[in-house]
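Subject: The two-chain model, with notes

Hi,

Here is the structure I promised to send over. Have a look at it first, and then read on for what turned up.

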Amino acid sequence: MKTFALGGVHPEENKLSADKAIETLPLPGKVYVPVSQSLGAPSKVVVEKGAIVKTGQLIAKGESFISANVHSPVSGKVAKIDEVIDASGYKRQAVFIDVEGDEWDESIDRSPEIIREISAGRDTIVRKINEMGVVGLGGATFPSHVKLMVPDGKKAEYLLINGVECEPYLTSDHRLMLERGEEMLIGIQILKKALGVNKAFIGIENNKPDAISHLKTLCIKFEGIEVVPLKVKYPQGGEKQLIKAVVNREVPSGKLPIEVGCVVNNVGTAFAVYEAIQKNKPLIERVVTVTGKSVSKPANFMVRIGTPVSALIDQAGGLPDDTGKVISGGPMMGKALTSLDAPVVKGTSGILIMPENESRRAPQVNCIRCGRCITVCPMGLEPVLLAQLSENQLFERTEKERIMDCIECGSCHYTCPAGRPLLDYLRLGKNKTGILIRNRGKK
Amino acid sequence: MNETILFAVISLSAIGVISAVILYFVAQKFKVIEDPRIDIVNEKLPGANCGGCGLAGCRAFAEELVKTGDLSKLNCPVGGSDTMKEIAAVLGLVAEEKDPMIAVVRCNGSRANAPQKVSYEGASSCAFAHYLSAGESGCPNGCLGLGDCVVSCKFDAIYISEETGLPVVSDEKCVACGACVTACPRSIIELRKKGKKDRRIFVSCVNTEKGGPAKKNCSVACIGCGKCVKECPYEAITLVNNLAYIDYDKCRLCRKCEPVCPTGAILELNFPPRKEKAGDAEKTPEPVVAG
């Protein structure tokens, strides 16, 4: 069975909510919709305080090439435009909406019927994906329309669909593949049409046999889509790792997947594309896993963007008493929240609640130069060296040592027997080196 | 036997003479003429190589000084005006009198004033903690207390207080090289005039949030009310982005702003205790934590 070549780790899977069907979360009383929910430039608010909005109405417009529109996930009245602490741990501008009823914009098709015919042309698809605010739902929230515009001189050969879900605990993509498989495959056909490619692969790790067999059966009806079962190994969901595993190509250092003729999208993105093109529905809700060993009812919810995290936790049986950390995302790459009022954003794939006894880091001792972090690094970097250089602020050297190739998967940190905060320093180094490179470009 | 020794001595001597001649001409050809004053200036400098002057080290500073012959733009904060005067004498110039400066920590969000809301256990680096979240108290501008400034200080002049969790600058040891100013990811530390008898008044807060949210996280935050601006007779205080700032060049240390601050964000250091007037009883200022 296929997998990527370099490094990787095997954390405990703990997919507690794998057999829980997607439930629709009841509408919250209030939502806080952060204005900037994608990589790139922040969007500009186009509604005013006191305005009445309908579900699906545009509330913030992306103004540069790499930025995405934000739509109202609920109907109601704009209470204020203020700041809210989001998953970043800082206050960010958000539109506060008091929910009143659930009146949708008329242009959105809400019927359960599946529309199989793809009538939209290539340009229409790209334009609509941009308008509907679709971003990569794997976590990086890169605006999807940008990925579909292949730069001149490059040619896309394969579309890779990421159904790996290698993060422990998370099951939102898994459930989506099982329950919205057909819609997702239509979404893949739309993406293929937009890119002008004939072949799409769906990479799924073999800890999800039900999803593999389900999609294989469905694929008979769809031309040019193949399901590729993959051996379980973290971080297979990284796009470079997925490309290596599925088509055995290596993306050169500092380059994008298009360099080797591949475009990678998440299964959630494919589903969002289906809804945007066939149903005219903007990206206003997503599947979020709420899980953790101490959670009484782990679940997968279909959640409107902007819903406070506390509402999801209440629905999953409330916050357990011994909670040490609430993490947005998975245990490997996720980030602990500093406020439970933080809203669900387009990139929130899960809410993980860790009990106190599991949430603390191992005590930090000195590096013993065992080199395990180097063995497990899926990008072939030397985390120990990069972390030391970052700690000493030698960012010219981190650049030479290819820190910008780091995918922040945390395998090094996970495996370190000395409990060194390797990922922390790598993230710091990557951030600072990025600033250094950008400033150099300006001169 | 004798012949062998003789042969060796002669041949070695010959090589020596030829080499000496070659070396002489090479040395003439590649002679580097260095201004002797560079060495003299270099000796006068403190030799800390701290980079506080903005150059790579003391030698580089001496070279730059001798090369440009201009004292107005270059200053050694460590040596202070005494050193600059000596250097000026060597170079035949006149040094401007510069006020001694000192690093000032503009945050009073101690454990008591800004209680901890979340706990951080990542890498012990302010730079990373700043990148990660607003910090343990929730103040997005406040001191993170992980000591990047302490690491950066080459003079052992700054340490983190056990009691408050905030950095404390030593008046005696600080040479105002500015290393901590650069190291602080939140630009909390500022170089200010040392002041007469080390007396200083400054707004000990850099929070630019509006009053409400700022006060929520820290009881001594500047809320941008502007009372001090009105009170100041010398127009030394400005209010930008909900934050008051005292210009140390204009401030005459009259101490009028400190009692009017409703949150106690203005700190005064090393002043004698105030004489209480009978009429001022209701306006008694809060006791000041020297930090």
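Please keep in mind that this is a predicted model. I'll begin where the two chains meet, then take each chain in turn.

**Where the chains meet**

Chain A puts 13 residues into the contact, and chain B puts in 12. On the chain B side, those residues are 8 nonpolar, 3 polar and 1 charged.

**Chain B**

Chain B has 10 helices and 8 strands. Its radius of gyration is 28 Å, whereas the globule rule gives 19 Å for 291 residues, so chain B is more spread out than a compact globule. The spans of its C-alpha trace along the principal axes tell you about the outline: about 110 × 50 × 30 Å. Of the 291 residues in chain B, 37% are buried. If you take the contacts in chain B between residues at least 6 apart in sequence, 59% of them join residues at least 24 apart.

The domain assignment splits chain B into domain 1 (36–91) and domain 2 (101–273). Their C-alpha centres are 31 Å apart. Where these two domains of chain B touch, domain 1 contributes 6 residues and domain 2 contributes 7. The domain 1 side of that contact in chain B consists of 4 nonpolar and 2 polar residues, with no charged ones.

One residue to find on your screen is B:K230, which sits in helix 9 (residues 227–231) of chain B. Why does B:K230 count as exposed? It has 11 C-beta neighbours inside 10 Å, and the cut-off for exposed is 12 or fewer. Although B:K230 and B:C257 are 27 residues apart along the chain, 8.8 Å separates their C-alpha atoms.

**Chain A: domains**

Chain A is assigned domain 1 (23–108 + 282–358), domain 2 (122–278) and domain 3 (372–442). The C-alpha centres of domain 1 and domain 2 of chain A are 24 Å apart. In the contact between them, 29 residues of domain 1 of chain A meet 24 residues of domain 2 of chain A. On the domain 1 side, the elements giving two or more residues are strand 6 (70–71), strand 13 (285–291) and strand 17 (350–355) of chain A. Strand 13 of chain A gives the most to that side, with 5 residues. By class, this domain 1 side of chain A has 13 nonpolar, 14 polar and 2 charged residues.

**Chain A: strands**

Strand 6 of chain A also belongs to an open sheet of 3 strands, in the order 3-5-6, paired antiparallel. Strand 3 (44–45) and strand 6 of chain A are at the edges; each has a single partner strand, so one side of each has no neighbour in the sheet. Strand 3 of chain A is joined by 2 bridges to strand 5 (residues 58–61) of chain A, and the two run antiparallel. Within that pairing, A:K44 has A:K61 in strand 5 of chain A as its bridge partner.

Strand 8 (residues 91–99) of chain A is worth a look too. Strand 2 (residues 30–34) of chain A runs antiparallel to strand 8 and is joined to it by 5 bridges, and A:P34 has A:A94 in strand 8 of chain A as its bridge partner. Strand 7 (residues 76–85) of chain A also runs antiparallel to strand 8, with 9 bridges between them. Here A:V84 stands opposite A:R92 in strand 8 of chain A. The hairpin of strand 7 and strand 8 of chain A has 5 residues between the strands, and A:G89 in this hairpin takes a positive phi near 85°.

**Buried parts**

The largest nonpolar core has 188 residues, and A:L160, A:V273 and A:L312 have the most contacts inside it. Leaving aside neighbours within four places in sequence, A:L312 is in contact with A:L25, A:V288, A:V290, A:F301, A:V303, A:T307 and A:I351.

Lastly, helix 3 (residues 172–179) of chain A is mostly covered, with 6 of its 8 residues buried. Those buried residues of helix 3 of chain A are A:S172, A:D173, A:H174, A:R175, A:L176 and A:M177.

Happy browsing, and best wishes!

How values were computed:
Residues numbered from 1 in each chain as written. Chains lettered and ligands numbered in written order. Predicted model: local features only at pLDDT ≥ 70, side-chain atom pairs only at ≥ 80, totals over all residues. Nonpolar A, V, L, I, M, F, W, Y, C, P; charged D, E, K, R; others polar. Helix = DSSP H or I, 4+ residues; strand = E, 2+ residues; numbered from the N terminus. Buried ≥ 20, exposed ≤ 12 C-beta atoms within 10 Å, placed from the backbone. Domains from an automatic or database assignment. Pairing = 2+ DSSP bridges. Core = buried A, V, L, I, M, F, W, Y, C linked by C-beta atoms within 7 Å. Rg over C-alpha atoms; globule rule 2.2 N^0.38 Å.
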